[in-house]
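Q: Please take one part of this model and look at it closely, for someone who has not seen it before. How are its pieces put together, and what do they touch?

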Amino acid sequence: MNLKAFYDVVVVGSGPAGSMTALFAAKNGASVLILERDREVGIPVRCAEGISARGLEKFFQPDERWIAQKIDGAKLYAPNGESCIINAGAVGDGYVLERRLFDAFICEEAAKNGVDILTKANVHDLVFDSSKLSGVKFTHLSKEKQVKANIIVGADGPESRIGKLAGIDTTLKLEDIEPGVQYLLTDIDLEAELTHFYFGNEIAPGGYVWVFPKGRNMANVGIGIRPDRSNGKNAQQYLDGFIEKNFPDSKSLAFIAGAVPTAQTLPEITRDNLMLVGDAARQVNPVTGGGLSNILVAGSIAGTVAAEAVKKDDFSNKFLKKYHKQWMKEKGNHQKVHYKLKQVFFDFSDDELNEIVGLLQGIPQEKLTLFQLFKTAVRNKPSLVKELIKIYL
Amino acid sequence: MKYKVIESLCDVCACCASVCPQNAIIMSEQKATIFLDICIGCAKCFITCPISAIEEIPDES
């Protein structure tokens, strides 16, 4: 494959943030190159793979090639083992994806629109022409290379080397990261059309365990915890303890570690000739750590704005900030609310969590909505009312 | 006290690099590397690693 020496837009990272940005930039007329560090797009999968139907269908028609399981509700488990089911009517239905294939599908769509993609390309530095950001340096198959561009997009995950190289402070505070691990387990016997969430300070301090069914008795079983509350145990030890207790006969087909930034969007996600998208920009929901639907939105906005910049030949921070503003309007401001909720929710004691699930059990299922859940949580923890008032005022 | 990555355990999840206040950790496709000349020994990477693939380097006495 022949790469050009110059592109309108160079995207670092081929996850959904990067590929959506590339797709939307290319669709709107820009020339785009994606550089991916790994050998193949879509792997490794560091994700529980769930997405709401609404979030997915805003951009793509569900395709059986990359859908593992349809989901129509969520089951919440208290520390004492009691549980309640929240219907799809309350939370909306969703899917568990085959992210490996889904990511490849978006890259394929991008390629169909003219995007060039290079794997095994490890970007290690930025190129500046007298202080103007004008490209990236990367290693490809042991060779040093560089490519020039008017816009560099850092879609390079939570550590965002691109952001750091550009001088943006991307360091996460310990309360704003959930280190996690996940097994793909087989021989899991649970309701396959529900996602399952397990809470408790002994189970997953500052986080939760998830079980996302993938059909055929398989499931992603993972955990995220707060590192500053982990009492000297790592995420894997917490999860191994959980599996030993709950699924002792299951077998593991895969294991992976990952980082979930449960923060708010960085104060700065654009600079002259630069945009950050996805985990690099901190765009997931800080309560759930779920991010895919947010990231699809972020990438679509970033790509559209990048293409507009190309048409106007204006790559200034002032122009690229349109992406930041649009993102805040569509998702970023909700994320602020979710961040507040995170701070309250993960401070509940086990007794309080037991009580909340107990109260929810008393509500008839057809009436059990997300609103009821929050109302119950608020009744249980009056200080939450104050927090909610602060958020909405 | 400074820290180093146990390369055979590292899963390249980037938790460590995400929390390093010094930007002293670089990810490659295969592993994380901690640059000791900039490491200040804050231990954030050590407590964040989900699989304990980071260990202390004993102080030279």
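A: Two strands are taken as paired if DSSP finds at least two bridges between them. With that in mind, and remembering that this is a predicted model, we can begin with strand β4 of chain A, which is joined by 4 bridges to strand β7(A), residues 94-97, the two running antiparallel. Within this pairing, Gln69(A) stands opposite Val96(A), a residue of β7(A).

The pair belongs to an open sheet of 3 strands in chain A, in which the order is β3-β7-β4 and the pairing is antiparallel. Because β3 (50-52) and β4 (67-71) of chain A each have a single partner strand, they stand at the edges, and one side of each is left without a neighbour in the sheet. From one strand to the next, the twist averages 25°. Helix α7 of chain A, residues 292-312, packs on this sheet and touches both β3 and β7 of chain A, its direction making about 65° with that of β3(A).

To place these elements in a wider setting, it helps to look at how the chain is divided. Chain A has three domains by assignment: domain 1 (6-46 + 100-173 + 266-342), domain 2 (67-95 + 174-261) and domain 3 (344-392). Where domain 2 of chain A meets domain 3 of chain A, the former brings 20 residues to the contact and the latter 17 residues. About 1500 Å² is buried between these two domains of chain A, with carbon and sulfur atoms giving 59% of that area. On the side of domain 2 of chain A, the residues that lose the most area to domain 3 of chain A are Pro79(A), Cys84(A) and Asn201(A), which together account for 24% of what that side buries.

The polar side of this interface can be followed as well. The count there is 7 residue pairs in polar contact between domain 2 and domain 3 of chain A, and 1 salt bridge is found across the interface of these domains. A salt bridge links Asp347(A) with Arg229(A), whose closest N and O atoms are 2.8 Å apart. Among the elements of domain 2 of chain A, β6 (83-87) and α3 (88-91) each supply at least two residues to the side that touches domain 3 of chain A, and β6(A) gives the most to that side, with 5 residues.

How values were computed. Residues numbered from 1 in each chain as written. Chains lettered and ligands numbered in written order. Predicted model: local features only at pLDDT ≥ 70, side-chain atom pairs only at ≥ 80, totals over all residues. Heavy atoms only, no water. Axes fitted to C-alpha atoms, helices over the stretch in contact; angles between N-to-C directions. Contact = heavy atoms within 4.5 Å. Domains from an automatic or database assignment. Buried area = accessible area lost by both parts, 1.4 Å probe. Salt bridge = Lys/Arg side-chain N within 4 Å of Asp/Glu carboxyl O. Polar contact = N/O pair within 3.5 Å; in protein donor to acceptor, adjacent residues only side chain to side chain.
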